[in-house]
Amino acid sequence: MIVKPKILTGQLNDFIKKLELQALETAEERRPLYLEVDIKDAILILDVGCGSGMVTRDIAHLTKGKVVAIDGSEDMISVAKKVLKDCRNVELKVGDAENLPFDDNTFDVVTCNLVLMWADDPQKVVCEMARVVKPGGVVLASLEPDYGGKLHYPENPRIDPVFAGNAIKKRGGDPHIGRKLRLLFVRAGLNTKVGIGNNRIWSCEEDKSYYLHARDFYIKALKDAGLSQEEIDKWEYDYLKSMDEGVQLNFFPQFYAIGRKPMVL
Ligand SMILES: C[S@@+](CC[C@H](N)C(=O)[O-])C[C@H]1O[C@@H](n2cnc3c(N)ncnc32)[C@H](O)[C@@H]1O
């Protein structure tokens, strides 16, 4: 089954640019999680929903083992082939996360990053991840956001709801997936620990550079939400000014879950 990622409708390049930026910006937050699940010494790792492969590349660099990376989109796998061309320990595959094409108890570690938010049936995906991990092995969802916990100031009552999850919901994603991770992992039979992976508030300079890099993506979300060019221009002027003044504060929780498969089920 080929998955058409909901996020890709007509904006593949913007999406890939955003994934690249997210991978860079979250590398520091994901690294301790990879160390905690002992990715360095794992022999066989599966990265589910690898997208353009930027996060897979981080995993491949951290381990001595082999990484199998799977995505439901042929377009994303083509991009990942280029991104990962120098990683000799990665094998790429098109496939469905809700029906993983692997035997039970195959992998030492099974990871996903920003995938459950977009899955049609996230419980099915986690159950599949739990099925293919070995007894005693670990399933890791490294970063899954929860827009309900998003905080920022100064506020803008017209624009904020768009970025507080409405834009994600409109594209078929679940903006509240973060809070659901514990339930999804426990229901999949995993011994589960959850946490928030990003405990640092970015500086205004970091926020501004992220915004400018992913600007097209944000402007499109505002247009799709029905805002006029004039409203968008006014918001952007105020937003950039608040960052130049150094007064803008943003916090956006990214949850993680680590689930160990019991030795005897
Ligand atoms: C937001 S991207 C994240 C990509 C990558 N993990 C990262 O963090 O850069 C979500 C990816 O999940 C994939 N995806 C969503 N549902 C899927 C499914 N059922 N099977 C396989 N891939 C799926 C999409 O094709 C997309 O590439």
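## An open seven-stranded sheet and its helices

In this predicted model, an open sheet of 7 strands follows the order β3-β2-β1-β4-β5-β9-β7, with mixed pairing. Strands (E, at least two residues) and helices (H or I, at least four residues) are DSSP runs, numbered from the N terminus; two strands pair if DSSP finds at least two bridges between them. Because β3 (90-94) and β7 (191-196) stand at the edges with a single partner strand each, one side of each has no neighbour in the sheet. On average, neighbouring strands of this sheet are turned by 15° against each other, direction ignored.

Strands β1 (residues 44-48) and β2 (residues 66-71) run parallel and are joined by 5 bridges. Val-48 has Ile-70 in β2 as its bridge partner.

Two helices are set against the strands as follows.

| Helix | Strands | Angle |
|---|---|---|
| α3 (residues 74-83) | lies across β2 and β3 | about 165° to β3 |
| α4 (residues 122-132) | touches β1, β4 (107-112), β5 (133-145) and β9 (254-260) | about 150° with β5 |

Angles run from 0 to 180 degrees between N-to-C directions, with axes fitted to C-alpha atoms, for helices over the stretch in contact. Contact requires C-beta atoms, placed from the backbone, within 7 Å.

Helix α3 includes Lys-82. Lys-82 is exposed, because 9 other C-beta atoms lie within 10 Å (exposed: 12 or fewer). The C-alpha atoms of Lys-82 and Phe-252 are separated by 31 Å, the two residues being 170 apart along the chain.

Residues are numbered from 1 along each chain as its sequence is written. In this predicted model, local features need pLDDT of at least 70 and side-chain atom pairs count only at pLDDT 80 or more, while totals for chains, interfaces and linings use all residues.

Conventions. Two residues are in contact if their C-beta atoms, placed from the backbone, lie within 7 Å. A residue is buried if 20 or more other C-beta atoms lie within 10 Å of its own, exposed if 12 or fewer, and partly exposed in between; C-beta atoms are placed from the backbone.
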